[in-house]
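Work through the exercises below with the coordinates open. Try each task before you read its solution.

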Amino acid sequence: MILEKPGHGEAIALIAPASPFDAALYEKGRSILENAGFRTVPGRSIFSRENYLAGSDLQRARDLTDALLDPEIKAVICIRGGYGSGRLLPWLPFPSLRRKPKIFIGHSDITFLHMTFISQMGWTTLLGPNVTGLAGAQEQAEAVLRVLSGTDGFQWKLDPSQVLRHGRRTGPVLGGNLTCISHMIGTPYLPDMTGALLLIEDRGEALYRLDRMINHLKLSGILPGLGGLLLGEFDDCAENDRITEMVMEHVRFFDFPVIHSLPFGHGRRNGVIPLGAPFLLDTHEHVLGIIESPIGA
């Protein structure tokens with residue numbers, strides 16, 4: 001699947017499928033996109049509020065659907081995660097959306113939408129910073145702008161210290177936020193993970209809760225069938241050494257490669273990586289890289 005990158009002056013939709021957001025951070029993020037030459041089109045209900053959600057399910061689903069169906073919109077970037085994206089899944093018209101894939105960027109709770117777009121429509125999506133994240137970290141803004149300009153090669157050079165178990169595998173990168181993925185198990189919206197390079201990250205979770213979710217992946221049959229396990233950042237969780245030790249204990253009977261400390265998560269190091277696209281992971285050559293970029297002219 002080739003996604004068309006937006007040209008100078010073309011429209012990028014900004015939508016809020018989950019929680020309310022900080023208006024000042026939103027405006028700063030929007031300005032970064034505008035100053036880079038893009039025209040931003042906010043969803044019509046983004047400033048709505050319904051308890052802990054950015055509007056009703058119907059409002060948020062309508063904004064998302066409108067943006068994805070509008071032929072003038074070249075990319076959709078989520079404003080914030082938080083909670084609520086999973087509530088939209090029954091409202092989305094997948095047969096109508098399937099035919100016109102767009103660049104779709106977001107992270108955290110947006111994992112629900114990434115996994116669903118892949119499983120229900122066969123899309124390639126982009127796990128990466130939300131609009132509010134662009135304002136707080138120059139690295140995140142630069143990563144998103146590289147993707148929008150079609151200049152990101154999606155290649156990561158691994159330090160030997162990042163390798164927990166060696167191996168060479170190819171497969172689609174799938175994943176995102178571990179909590180969201182664990183809540184999708186048993187639903188029709190989680191894609192088949194067989195042979196996948198599963199990328200997981202999280203924030204604010206105690207070690208035993210991370211353990212419980214990894215165990216859930218194992219008991220559900222997902223973990224044994226993976227092609228590789230990619231650990232992002234676990235901000236405000238337990239110490240990294242304790243997390244990797246727990247993970248390796250769970251995967252000790254499997255033979256796939258495992259790497260950690262990739263620049264994806266809730267911290268300042270939050271890059272952009274295509275989900276659903278084939279990657280090569282070769283720990284001997286110290287590389288994680290896409291086989292064919294999904295961003296075209």
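A charge counts as sitting over a ring if NZ of Lys or CZ of Arg is within 6 Å of the ring centre and within 35 degrees of the ring normal. Keep in mind that the model is predicted.

**Exercise 1. Charges over rings**

Task: Find which residue lies over the face of F21, and which over the face of F256.

Solution.
- Step 1. Start at F21. R49 lies over its face, at 5.5 Å from the ring centre.
- Step 2. Go to F256. Here R165 lies over the face, and its distance from the ring centre is 5.5 Å.

**Exercise 2. The rings around F21**

Task: Classify the ring pairs that F21 forms with Y26 and with F47.

Solution.
- Step 1. Get the total. The whole structure holds 10 aromatic pairs.
- Step 2. Choose the descriptors. A pair of aromatic rings is described by the distance of the centres and the angle of the planes.
- Step 3. Take F21 and Y26. Their centres are 5.3 Å apart and their planes meet at 50 degrees, so this pair is tilted.
- Step 4. Check burial. Both F21 and Y26 are buried. F21 has a relative accessibility of 9% and therefore counts as buried, since the cut-off is under 20%.
- Step 5. Take F21 and F47. The centres lie 5.5 Å apart with the planes at 50 degrees, so this pair is tilted.
- Step 6. Place the partners. F21 is in the loop between β2 (11–15) and α1 (23–35), and F47 is in the loop between β3 (39–42) and α2 (57–69), so the pair ties together parts 26 residues apart in sequence.
- Step 7. Join the pairs. F21, Y26 and F47 form a cluster linked by ring pairs.

**Exercise 3. Two pockets**

Task: Describe the largest pocket and the second largest pocket by volume and lining.

Solution.
- Step 1. Take the volume of the largest pocket: about 300 Å³.
- Step 2. List its lining. There are 14 lining residues, and R80, H107, S108, N130 and H266 lie nearest the centre.
- Step 3. Sort that lining by class. It has 1 nonpolar, 11 polar and 2 charged residues.
- Step 4. Turn to the second largest pocket. It holds about 190 Å³ of space.
- Step 5. List its lining. It has 15 residues, of which A143, R146, W156, G271 and V272 lie nearest the centre.
- Step 6. Assign elements. α6 (138–149) and β7 (155–157) each supply at least two residues of this lining. α6 gives the most, with 5 residues.
- Step 7. Sort by class. The lining of the second largest pocket divides into 5 nonpolar, 4 polar and 6 charged residues.

**Exercise 4. Cysteines**

Task: Count the disulfides, then account for C180.

Solution.
- Step 1. Apply the cut-off, which puts the two sulfur atoms within 2.5 Å. The count comes to 0 disulfides.
- Step 2. Check C78. Its nearest cysteine sulfur belongs to C180, 12 Å away.
- Step 3. Check C180. Its closest cysteine sulfur is in C78, and 12 Å is too far for a bond.
- Step 4. Add burial. C78 is buried, at 0% relative accessible area. C180 is buried too, at 6%.

**Exercise 5. Helix α4**

Task: Is helix α4 largely enclosed or largely open?

Solution.
- Step 1. Count. In α4 (residues 111–121), 9 of the 11 residues are buried, so the helix is largely enclosed by the rest of the structure.
- Step 2. Name some of them. The buried residues include F112, L113, M115 and F117.
- Step 3. Look past the end. G122 follows α4, and its phi is positive, near 70 degrees.

Methods: Residues are numbered from 1 along each chain as its sequence is written. This is a predicted model: local features need pLDDT of at least 70, side-chain atom pairs count only at pLDDT 80 or more; totals for chains, interfaces and linings use all residues. Side-chain values use heavy atoms; hydrogens and water are left out. Rings of Phe, Tyr and Trp (its six-membered ring) pair if their centres lie within 6.5 Å; planes under 30 degrees apart count as stacked, over 60 as edge-to-face and the rest as tilted. Buried means under 20% relative accessible area, exposed over 50%, partly exposed in between (1.4 Å probe, protein chains only). Helices (H or I, at least four residues) and strands (E, at least two) are DSSP runs, numbered from the N terminus. On a 1 Å grid over the protein atoms alone, a cavity is a set of points where a 1.4 Å probe fits but cannot get out, and a pocket is an open set with protein on both sides within 12 Å along at least five of seven lines; lining residues have an atom within 4 Å of a point. Grid points are joined across faces, edges and corners, and a volume is the space filled by probe spheres set on the points. Ala, Val, Leu, Ile, Met, Phe, Trp, Tyr, Cys and Pro count as nonpolar, Asp, Glu, Lys and Arg as charged, and the others, Gly among them, as polar.
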